[in-house]
Amino acid sequence: MTVTLETLSAIFRLSKHLIYVDGERSEVEVQKIVDFLDSFEGLDIKTHEQIMNYGLEQMDDTQAVKLIAALDDDAKQEVSNLFAHIILDDGRLTEDEKRLYWRIQELCGLPDPKEDNAAEDTPAEEEESNDIVPAFIVVNYDGFTSTRQSPNKDWDTLGGELASWIGANGRVEVVRYTRPLNAISEQLHLRGRHLVFMVARNGYVNTVGDNMPATLLYGGGYPIMGNIVFALETDKGYEIEGITSRNLIAEILGAIDTAVGGLLRTE
């Protein structure tokens, strides 16, 4: 692997984020980045310090991502392996570590790790163990929540299902990119997606009331009436998708409930 000192500083900067994201500094995690730097011949202690100081004090995350994204495929593989070892080798893989790893992997265009035992327990495989049929979160106007599942991806079919789940008379309309929804999407580090909710476009089959959680998440001072359903939407193409991880379902529900002041209730 041949890289510039500036790129090593970028790798160090993102490594530090992975080390500290769970609030704990493990010596095993720190040793991984030290060993990585030691693998480059001709780097003395003073150069190590220069790399670290430059990465922390003179570089921002955007610069770091761009430098790593510009690496060739072999170098990206080594960086991916390093990042996976940092979060896995201390034996404590947290949700915060997984989310940050996925975000870095996406932004930098890194492949899945393929080195030693890192490939046996990657964050991606950890997520797969929680895989479910795509799920959507329904929040009735009275705050009661439930999840519905559908394997359908074609909007002509899925759109009708979503409308029926919330008692909509016809099609649904997507609410996206409000300030509260953006805050939740950022908090959850969604990979190439953002959180949206859908409401009835042509009214409701039955009489419904003001949906206070939806009104708060709309954030525009305009009351949202009736039931709503939450989903993910891709940043590119704006395709509606279900949530495919049990863990992510729980995280989204928790984030929504916090954002609306604990108004959600479980049936």
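The exercises below, each with a worked solution, go through a predicted model of a protein.

Residues are numbered from 1 along each chain as its sequence is written. Because the model is predicted, local features need pLDDT of at least 70 and side-chain atom pairs count only at pLDDT 80 or more, while totals for chains, interfaces and linings use all residues, and side-chain values use heavy atoms, with hydrogens and water left out.

**Exercise 1. Overall picture and confidence**

Find how many helices and strands the protein has, and state where confidence is lowest and where it is highest.

Solution. Begin with the secondary structure, where helices (H or I, at least four residues) and strands (E, at least two) are DSSP runs numbered from the N terminus; the protein has 11 helices and eight strands. Its C-alpha trace spans about 75 × 35 × 30 Å along the principal axes, and 46% of its 267 residues count as buried, where buried means under 20% relative accessible area, exposed over 50%, and partly exposed in between (1.4 Å probe, protein chains only).

Next, turn to pLDDT, the predictor's confidence in each residue, from 0 to 100. The mean for the protein is 86, and 91% of the residues reach 70 or more. Confidence is lowest in helix α7 (residues 123–128), with a mean of 48, and highest in β5, at 97. Over residues 125–129 the pLDDT stays under 50, and for this stretch the model has eight contacts beyond four places in sequence, a contact being heavy atoms within 4.5 Å. Where pLDDT is low, the predicted coordinates should not be read in detail.

**Exercise 2. Salt bridges between distant parts**

Which parts of the chain does the salt bridge between Asp61 and Arg13 tie together?

Solution. First recall that a salt bridge is a side-chain nitrogen of Lys or Arg within 4 Å of a carboxyl oxygen of Asp or Glu; the whole structure holds seven of them. In one, the side chains of Asp61 and Arg13 meet at 2.7 Å, N to O. Asp61 lies in helix α4 (residues 61–69) and Arg13 in helix α1 (residues 5–20), so the pair ties together parts that are 48 residues apart in sequence. As a second step, look at accessibility: Asp61 is partly exposed at 34%, whereas Arg13 is buried at 13%.

Now compare another pair, Glu251 and Arg99, whose closest N and O atoms are 2.7 Å apart. This salt bridge links helix α11 (residues 246–259), which holds Glu251, with helix α6 (residues 95–108), which holds Arg99, across 152 residues. Both Glu251 and Arg99 are buried. Salt bridges with shared partners also join Asp96, Arg99 and Glu251 into one network.

**Exercise 3. The largest nonpolar core**

Which residues have the most contacts inside the largest nonpolar core?

Solution. A nonpolar core is a set of buried Ala, Val, Leu, Ile, Met, Phe, Trp, Tyr and Cys residues joined through side-chain atoms within 4.5 Å. The largest one has 42 residues, and those with the most contacts inside it are Leu195, Phe197, Phe230 and Ile252. Among the elements that give two or more residues to this core are β1 (131–139), α9 (179–188), β5 (228–234) and α11. Then follow Phe230: leaving aside neighbours within four places in sequence, its contacts include Phe136, Leu181, Leu195, Phe197 and Ile256. A second, separate core of 33 residues includes Leu8, Ala10, Ile68 and Ala75. In soluble globular proteins, nonpolar side chains tend to be buried together.

**Exercise 4. Helix α5 and a residue of α11**

Is Thr258 buried or exposed, and how many of the residues of α5 are buried?

Solution. Start with α5 (residues 73–88), whose 16 residues reach 22 Å from the first C-alpha to the last, close to the 22 Å expected at 1.5 Å a residue; the expected span is 1.5 Å times one less than the number of residues. Of these 16 residues, 13 are buried, and α5 is mostly covered. At the start of α5, a side-chain oxygen of Asp72 reaches to within 3.2 Å of the backbone nitrogen of Asp74.

Then move to Thr258, which has its place in helix α11 and counts as exposed at 65% relative accessibility. The side chain of Thr258 reaches the backbone oxygen of Gly254 at 3.0 Å. Finally, Thr258 and Ile184 are 74 residues apart in sequence, yet 9.7 Å apart in space, C-alpha to C-alpha.

Terms used. A polar contact is a pair of N or O atoms within 3.5 Å; within protein, one must be able to donate a hydrogen and the other to accept it, and residues adjacent in sequence count only if both atoms are side-chain atoms.
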